[in-house]
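Work through the exercises below with the model open. Try each task before you read its solution.

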Amino acid sequence: METLIPTWQASVLGGVLAWIVVSSMFNVTRIIRSLTQPWVSSCVISGIPIILQIQKYQHTFLDALFTGLSCLVSVPFYTGFLPLLFWSGHGKLARQMTLLMAVCDYAGNCIKDVVSAPRPKSVRILTVTSDEKDFAMEYGLPSSHTLNTVCLSGYLFHYILSYNETSNASFHLLGFAFVCVFVGLIGLGRIYLGMHSVIDIIFGLFLGLAILAFWLCVHEHVDKFVVSGQNVTSFWAALSFLSLFAYPTPELPTPSFEYHTAFTGVALGIVTGVQQTYDNFHHEDVPRVFTSQLPIAVFFCRILVGIPTILLVKFCSKALAKWILPITANALGISIKSSGYVPGLTGSSMVKKSNEVKQSNGYLQKMFFSNQDSFDVDTGIRLLQYAGLAWSVVDFVPSIFSQLNL
């Protein structure tokens, strides 16, 4: 007889909850920061001459090359690329890369805000894109670009080898060399652009290798659970909710938590949608692009239909969440505030004060509750907004494709 909640799920959720409580009681973040921040900061300072030496070779071609590569491996790019991967018929690869990206994003941003190590000072910033300006507001260690590149390019290489059993040793060697060169260029580019120090790149590289090794051990089990497990949606929703509270408090406010919340919502939406529609749209026998069942012209039509649809769903999800969450909170008697999503709940002085309190509280209070026990409704809105967007990618839009014979 199956239990209502499998033991391992209860253990995982209980373990996360216990960590939240223990970390809040003993102020684990500040302890770790006091032990690591001085050493990392000294490494950043000592590495500045290396950055300046590399920047002596500045050239407009290198500026464009490394800026382009940085955009190619950024979270916004992956967020736009992953829907196309789902619609191309490579559902397993797409959902695995989405979940791996969520793990990388959470782990990397947690470490950034725990250590709160500065980015290199007194160096020229050789990139002016809006995304880089946002990234520069985060702490430095580890380099998220390096971390993400190691994990995602490494997993893609593993996936290609797994589904191309006829490839020879020279193909393996060439693919491995390409991944190594690509990762190296990303790391060098982050130093050249003045966005990271050497220690950031090295730590991002080794953290990425550790996460990739772990993921290659568990990815089949994770995928089996997502497509055919028990209590998938409820477990993942509970885990996503607890992860918001388990996130550490940075020394100073950064946008890292917002990025994590958004991609946690993406993972939740993907898991929910795939679990519900796997047999219809995401099984291994679905048509794949560049085959007779899914020619490139039809795939292009999918893009023309799908992209506007998911953007509309994202807008509607945000509007619906902005309406439902405040009403629900008021009905439950929960005091709420908004940092900007809900104008009626925003006051310049109150928001400024509540944001300061939010960044200084412990694990249990720092994100949702201030000293007036007010709930930051923007976090829930952001989570639901991106969950709705991701759900539409794997559920709503494929249903439209089916109706249109795409």
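**Exercise 1. Two neighbouring helices**

At what angle do H9 and H10 pack, and how far apart are their axes?

*Solution.* This is a predicted model. Start with the geometry: the angle between H9 and H10 is about 155°, and their axes lie 9 Å apart. Next, classify the angle. Angles over 145 degrees count as roughly antiparallel. H9 and H10 are therefore roughly antiparallel to each other. Then take the handedness: H9 and H10 make a right-handed crossing. Now list the residues. From H9 come Val183, Gly187, Arg190 and Ile191; from H10 come Val198, Ile201 and Leu205. Sorted by class, this contact of H9 with H10 has five nonpolar residues, one polar and one charged.

Finish with the loop. Ser197 sits between H9 and H10. Its relative accessible area is 0%, so Ser197 is buried. Beyond residues up to four places away in sequence, Ser197 touches Val44, Ile51, Pro120 and Ile191.

**Exercise 2. A second partner for H9**

Determine how H3 is oriented against H9, and name the residues that make the contact.

*Solution.* Locate the helices first: H3 spans residues 48–55 and H9 spans residues 169–192. They pack at an angle of about 95°, with axes 9 Å apart. That angle makes H3 roughly perpendicular to H9. H3 contributes Ile51, Ile54 and Gln55, while H9 contributes Leu188, Ile191 and Tyr192. By class, the contact of H3 with H9 has five nonpolar residues, one polar and no charged ones.

Now link this to Exercise 1. Ile191 of H9 takes part in the contact with H3. Ile191 also meets H10. Ser197 touches both Ile51 and Ile191.

**Exercise 3. H12 against H15**

Describe the packing of H12 and H15, then place Ser399 in that picture.

*Solution.* Take the ranges: H12 covers residues 256–282 and H15 covers residues 377–403. Their angle is about 25°, and the axes are 7 Å apart. Angles under 35 degrees count as roughly parallel. H12 and H15 are therefore roughly parallel to each other. The crossing of H12 and H15 is right-handed. The contact of H12 with H15 includes 14 nonpolar, 11 polar and three charged residues.

Ser399 lies in H15. Its relative accessibility is 26%, so Ser399 counts as partly exposed. Ser399 and Thr277 are 122 residues apart along the chain, yet their C-alpha atoms are separated by 9.4 Å.

**Exercise 4. The cores**

How many residues does the largest nonpolar core have, and which helix supplies the largest share?

*Solution.* The largest nonpolar core has 62 residues. Those with the most contacts inside it are Phe86, Trp87, Leu99, Leu100, Tyr155, Trp236 and Val274. The largest share, nine residues, comes from H10, residues 198–228. Zoom in on Trp236. Leaving aside neighbours within four places in sequence, Trp236 contacts Leu99, Phe225, Val226, Ala267, Leu268 and Val271. Apart from this core lies another, of eight residues, including Ile336, Tyr341, Phe375 and Ile381.

Step back to the whole chain. It has 15 helices and two strands. Of its 406 residues, 49% count as buried. Among contacts with a separation of 6 or more, 82% join residues 24 or more positions apart.

**Exercise 5. Backbone exceptions**

Find two asparagines with positive phi and one cis peptide bond, and state where each lies.

*Solution.* Begin with the rule: most residues other than glycine have a negative phi, and most peptide bonds are trans.

- Asn231 has phi near 55°. Asn231 lies in the loop between H10 and H11. At 25% relative accessibility, Asn231 counts as partly exposed. Outside its neighbours within four places in sequence, Asn231 contacts Leu4, Ile5, Pro6, Gln9 and Phe225. Asn231 and Gln9 are 222 residues apart in sequence but 8.9 Å apart in space, C-alpha to C-alpha.
- Asn405 has a positive phi of about 60°. Asn405 is in the segment after H15. With a relative accessible area of 71%, Asn405 is exposed.
- The cis peptide bond runs from Leu141 to Pro142, with omega near 0°. Pro142 is in the loop between H7 and H8.

Methods
Residues are numbered from 1 along each chain as its sequence is written. This is a predicted model: local features need pLDDT of at least 70, side-chain atom pairs count only at pLDDT 80 or more; totals for chains, interfaces and linings use all residues. Side-chain values use heavy atoms; hydrogens and water are left out. Axes are lines fitted to C-alpha atoms, for helices over the stretch in contact, and angles run from 0 to 180 degrees between N-to-C directions. Helices (H or I, at least four residues) and strands (E, at least two) are DSSP runs, numbered from the N terminus. Angles under 35 degrees count as roughly parallel, over 145 as roughly antiparallel, 65 to 115 as roughly perpendicular and the rest as oblique. A crossing is left-handed if the near helix is turned anticlockwise from the far one by less than a right angle, and right-handed if clockwise. Ala, Val, Leu, Ile, Met, Phe, Trp, Tyr, Cys and Pro count as nonpolar, Asp, Glu, Lys and Arg as charged, and the others, Gly among them, as polar. Contact means heavy atoms within 4.5 Å. A nonpolar core is a set of buried Ala, Val, Leu, Ile, Met, Phe, Trp, Tyr and Cys residues joined through side-chain atoms within 4.5 Å. Buried means under 20% relative accessible area, exposed over 50%, partly exposed in between (1.4 Å probe, protein chains only).
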